[in-house]
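Visitor: I would like a close look at a single part of this model, followed outward to whatever adjoins or accompanies it. Please go through the packing and the pairing carefully, with the residues named.

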Amino acid sequence: MRSLLRALALLLPAACGSAARPDPAAAPRGADIRPGVTVFIRDSLHLVRNLRIGLITNQTGVDERGRTTIDLLVEAAPRVRAKVVSLLSPEHGIRGTEDRQFVESGRDGATGLPVHSLYTSMTIPPPDSLLAEVDVLVVDLFDIGTRTWTYVGTMLYALRAAGKKGMRIIVLDRPNPLNGARAEGPILDSLIANPEDPAPGKPGRAYALYPAPLRHGLTMGEMAQWFNAELALGAELHVIQAEGWRRSMWWDETPLPWVRPSPNIPSLTAALLYPSLVALESSNVSVGRGTTSAFQRFGAPWLNADSVATLLDDRSIPGVRFVADPYTPANPGDNKFNGQRIPGVRIDVTDRDRMQVARVGAAILWALGRVHGDSLRLTPAGFDLRWGANQDRIALLAGRDPDEVIDRWLPAIVAWQQRVRPYLLYR
């Protein structure tokens, strides 16, 4: 039964109606793919005619030639008697270099525009004082395909603000870098999800918004449509689709430049492995922050790396292998083991199409608990908010087989993909 469920998990995209990989002869690699910003400026500038624009973006907002959305929109807006009057930035700031809380507002050096930070101790919605100065919100942010990514929370809060103000909001869509053909992993428990704006005594959870799989397979525009409908936000939403992208395409199968979406996601491989390790942020385990390969390794001073790597490799998890490899974090954003050379395990992706990120993450927690049950320390609430379900944590640390833990999610994933089907924009 277990082997059957694992096979079904790999076939899940086809079972849910996602397209197979395109025929190279019919859709050459990277042919004619354009992000939403290019399509918007070419075809849809009329949506901002005569309006004052608040642009929510950061360094990831670029076109296929690497030109920033800020520059493109500032230059194009006067053609329809519109004007960009404010920039709004998510976690990590307008240039994506800040790895801390309380990112300050300021002014953009290139354009002179005011930059309003939407990240203090947490992600926050656009303030009413700012919304009084704009007529339309334009969002161009990069999502890495994982439920815990706070840029999605920035977009959701902006959608709610637009709905309350009767304001138009335009989302410039981009491909999902991990492709849009697979959803997997635990679905966030509705009892701990919080899609609401931050409020006194109830912090926001921009990284734990709504019951969705750990790897969701949607684009930012598709999530905007889903949130607007499911949460009855009532925003006048316009999603400008990316042109030419198919759900089966990974980011490096497009001509679009890779722009580091945060200081600790240096590559597409890091983005792929991020959901496998992100829950360990709430533990005494380093996830490689402070190295050039963050979220591609894990370690701790007490780790028996050889034993853990061997235990994991012996499971023959499809698409990955594990190698004992010590490392030294330098000024890590999580302040774990700065300057210490620590035992570590490196995760090498050997076949990304067969790899299942949740299966890898579950196996890692299981192995750490089995080898280091006395040394591993988790903050349960923080772990569960990122992983999604406390029953998984409890089962894995009790020694339950990680494949069984992940396989039981398959029916719920299938049901979820059917539920979001009406909001899909790409084949």
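**A three-stranded sheet and its helices**

Guide: Helix H8 lies across S10, S11 and S12, and its direction runs at about 165 degrees to that of S11. Before going further, it should be said that this is a predicted model. The sheet that H8 lies across is an open one of three strands, which follow one another in the order S10-S12-S11 with antiparallel pairing. Its edges are strand S10 (297-299) and S11, each of which pairs on one side only. Ignoring direction, neighbouring strands in this sheet are turned by 20 degrees against each other on average. In the pairing of S10 with strand S12 (residues 344-349), the antiparallel sense is kept over three bridges, and one position can be followed exactly, since the bridge partner of Arg297 in S12 is Arg346.

A further helix, H9, also lies across S10, S11 and S12, but H9 runs at about 35 degrees to S11, whereas H8 runs at about 165 degrees to that strand. The two helices also approach one another: the axes of H8 (residues 305-313) and H9 (residues 357-372) come within 10 Å and cross at roughly 135 degrees. H8 and H9 are therefore oblique to each other, and their crossing is right-handed. On the side of H8 the contact involves Ser307, Val308, Leu311 and Leu312, and these meet Ala363, Ile364, Trp366, Ala367, Arg370, Val371 and His372 of H9. Sorted by class, the residues of this contact are eight nonpolar, two polar and one charged.

Beyond the end of H8, the chain leads to a charged pair. Asp401 forms a salt bridge with Arg315, and the closest N and O atoms of the two are 3.0 Å apart. Arg315 belongs to the loop between H8 and strand S11 (320-324), while Asp401 belongs to the loop between helix H11 (390-397) and helix H12 (402-407), so this pair ties together parts that are 86 residues apart in sequence. The structure as a whole holds 26 salt bridges.

Following Asp401 back to H11 brings in another helix pair, for the axes of helix H10 (residues 380-387) and H11 come within 8 Å and cross at roughly 110 degrees. H10 and H11 are therefore roughly perpendicular to each other. Their contact is made by Pro380, Phe383, Asp384 and Trp387 on the H10 side and by Asn390, Asp392 and Arg393 on the H11 side. By class, this contact of H10 with H11 has three nonpolar, one polar and three charged residues; the contact of H8 with H9, to recall it, has eight nonpolar, two polar and one charged.

Earlier in the chain there is another open sheet, built from seven strands in the order S3-S4-S2-S1-S5-S6-S9, and there the pairing is mixed. Strand S3 (106-107) and strand S9 (236-240) form its edges, each pairing on one side only. Within this sheet, strand S1 (residues 52-57) and strand S5 (residues 136-140) run in the parallel sense and pair over five bridges, with Val139 in S5 as the bridge partner of Ile56. Helix H2 (residues 36-43) lies across S5, strand S6 (168-172) and S9, and it runs at about 125 degrees to S6. Helix H6 (residues 220-230) packs on the sheet as well, touching S6 and S9, and the direction of H6 makes about 160 degrees with that of S9.

H6 also has a helical partner: the axes of helix H5 (residues 150-165) and H6 come within 10 Å and cross at roughly 45 degrees. That angle makes H5 oblique to H6, and the crossing of H5 and H6 is right-handed. Tyr151, Val152, Met155, Leu156 and Leu159 of H5 meet Met220, Met223, Ala224 and Phe227 of H6. The residues of this contact divide into nine nonpolar, no polar and no charged.

Definitions and conventions:
Residues numbered from 1 in each chain as written. Predicted model: local features only at pLDDT ≥ 70, side-chain atom pairs only at ≥ 80, totals over all residues. Heavy atoms only, no water. Pairing = 2+ DSSP bridges. Helix = DSSP H or I, 4+ residues; strand = E, 2+ residues; numbered from the N terminus. Contact = heavy atoms within 4.5 Å. Axes fitted to C-alpha atoms, helices over the stretch in contact; angles between N-to-C directions. Parallel < 35°, antiparallel > 145°, perpendicular 65-115°, else oblique. Left-handed = near helix turned anticlockwise from the far one by under 90°. Nonpolar A, V, L, I, M, F, W, Y, C, P; charged D, E, K, R; others polar. Salt bridge = Lys/Arg side-chain N within 4 Å of Asp/Glu carboxyl O.
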